[in-house]
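Trainee: Could you take me through one part of this structure up close, and then show me how the rest of the chain fits around that part? I'd like the contacts residue by residue.

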Amino acid sequence: MTSSTAGTPDLRLRLTLPRSREHVLLSRRAARLSGHLRKVLMRIGPAATEIPLPPDTSKRTANRLVAWMEFHAADENPAPNPDLSEDEEIDILRHMVIPEWDRALLDPLTHTALCRLIAAAHAFEIKPLVDLACLTLARRVDACKDEEEIRKVLNLTDNLTEEEKAQIRIEYAWTELGREPAQGPR
């Protein structure tokens, strides 16, 4: 274990980027927000100082992840409510107001950067960040007026033929009418 100048133990973890071996520092207090890091520290023990990041994590994504964790280090990390159904949990998220600091971190991100942050937060089991980042992405898609705009937001290519598009419009015409599809033989 490394020590600081005063002889006290260094309470920071080095999150190491696999490709470059560069690292970002994270306080142990902030590390408790990550289910993955809690498990690693329990398995390795309190002497652990270096923890590898997922292989495809960039330094920019790691810095954003650490910034979010450090800012929220003092937050309570409530246990999930097992009595909530998935639909109830989604309804709560749908009406959630994203705090100003989190909006300032998430809103400027490109779709790609936001998805990379979601992937890193998921790998590190940071559910509150996954929820906030996914909600940010969902609201971007919700704001789209048509499928072309959705493709642009999500950086998707349109590789369907006109015939395939026509068939999809027929199969999903009920979505335009705001009602459930008719049940019957296909």
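Mentor: Sure, let's start at isoleucine 150, which touches Val141 and Cys144 once you leave out residues up to four places away in sequence. This is a predicted model, so keep that in mind throughout. Isoleucine 150 sits in helix α8. Its relative accessible area is 29%, and since buried means under 20% and exposed means over 50%, isoleucine 150 counts as partly exposed. Between isoleucine 150 and arginine 140 there are 8.6 Å in space, C-alpha to C-alpha, for a separation of ten residues in sequence.

Now widen the view to the two helices involved. Helix α7 covers residues 127-142 and helix α8 covers residues 147-154, and they pack with their axes 9 Å apart at an angle of about 150 degrees. Anything over 145 degrees counts as roughly antiparallel, and α7 and α8 are therefore roughly antiparallel to each other. On the α7 side the contact is made by Leu137, Arg140 and Val141, while α8 brings Ile150, Val153 and Leu154. Sorted by class, that contact of α7 with α8 has five nonpolar residues, one charged residue and no polar ones. So Val141 turns up both as a neighbour that isoleucine 150 touches and as part of the α7 side of the packing.

Stay with this end of the chain for the charges. Side chains of opposite charge can pair when their charged atoms come close. Here, aspartate 158 and arginine 151 meet through their side chains in a salt bridge, 3.5 Å from N to O. The two partners differ in how they sit: arginine 151 is buried, at a relative accessible area of 16%, whereas aspartate 158 is partly exposed at 33%. That pair also belongs to something wider, a network of salt bridges linking Glu148, Arg151, Asp158, Glu162 and Lys165.

In total the structure holds ten salt bridges, and two others are worth a look for what they connect. One joins the side chains of glutamate 70 and arginine 12, at 3.6 Å from N to O. Glutamate 70 lies in helix α3 (residues 59-71) and arginine 12 in strand β1 (residues 12-16), so this salt bridge ties together parts that are 58 residues apart in sequence. Both ends are partly exposed: glutamate 70 has 26% relative accessibility, and arginine 12 has a relative accessible area of 33%.

The other joins the side chains of glutamate 50 and arginine 14, with 3.7 Å from N to O. It also links distant parts of the chain, with glutamate 50 in strand β3 (residues 50-52) and arginine 14 in strand β1, 36 residues apart. Glutamate 50 is partly exposed at 34% relative accessibility, and arginine 14 is partly exposed at 32%. So strand β1 supplies an arginine to a salt bridge with helix α3 and another to a salt bridge with strand β3.

Those same elements come back around helix α2. The buried residues of α2 are Gly35, Leu37, Val40 and Leu41, and what covers them includes β1, β2 (23-27), α1, β3 and α3. After α2 comes glycine 45, with a positive phi near 105 degrees.

Just ahead of that helix, have a look at serine 34, in the loop between α1 (28-31) and α2 (35-44). Serine 34 is buried, with a relative accessible area of 0%. Its side chain reaches the backbone oxygen of phenylalanine 124 at 2.5 Å. Not counting residues up to four places away in sequence, serine 34 touches Met69, Phe124, Glu125 and Ile126.

Finally, step back to the whole chain. The secondary structure comes to ten helices and three strands, and along the sequence they follow the pattern β-β-α-α-β-α-α-α-α-α-α-α-α. Of the 186 residues in the chain, 30% are buried. Among contacts with a separation of 6 or more, 64% are between residues 24 or more positions apart. The salt bridge of glutamate 70 with arginine 12, 58 residues apart, is one example of a link across such a distance in sequence.

Key
Residues are numbered from 1 along each chain as its sequence is written. This is a predicted model: local features need pLDDT of at least 70, side-chain atom pairs count only at pLDDT 80 or more; totals for chains, interfaces and linings use all residues. Side-chain values use heavy atoms; hydrogens and water are left out. Axes are lines fitted to C-alpha atoms, for helices over the stretch in contact, and angles run from 0 to 180 degrees between N-to-C directions. Helices (H or I, at least four residues) and strands (E, at least two) are DSSP runs, numbered from the N terminus. Angles under 35 degrees count as roughly parallel, over 145 as roughly antiparallel, 65 to 115 as roughly perpendicular and the rest as oblique. Contact means heavy atoms within 4.5 Å. Ala, Val, Leu, Ile, Met, Phe, Trp, Tyr, Cys and Pro count as nonpolar, Asp, Glu, Lys and Arg as charged, and the others, Gly among them, as polar. A salt bridge is a side-chain nitrogen of Lys or Arg within 4 Å of a carboxyl oxygen of Asp or Glu. Buried means under 20% relative accessible area, exposed over 50%, partly exposed in between (1.4 Å probe, protein chains only). A polar contact is a pair of N or O atoms within 3.5 Å; within protein, one must be able to donate a hydrogen and the other to accept it, and residues adjacent in sequence count only if both atoms are side-chain atoms.
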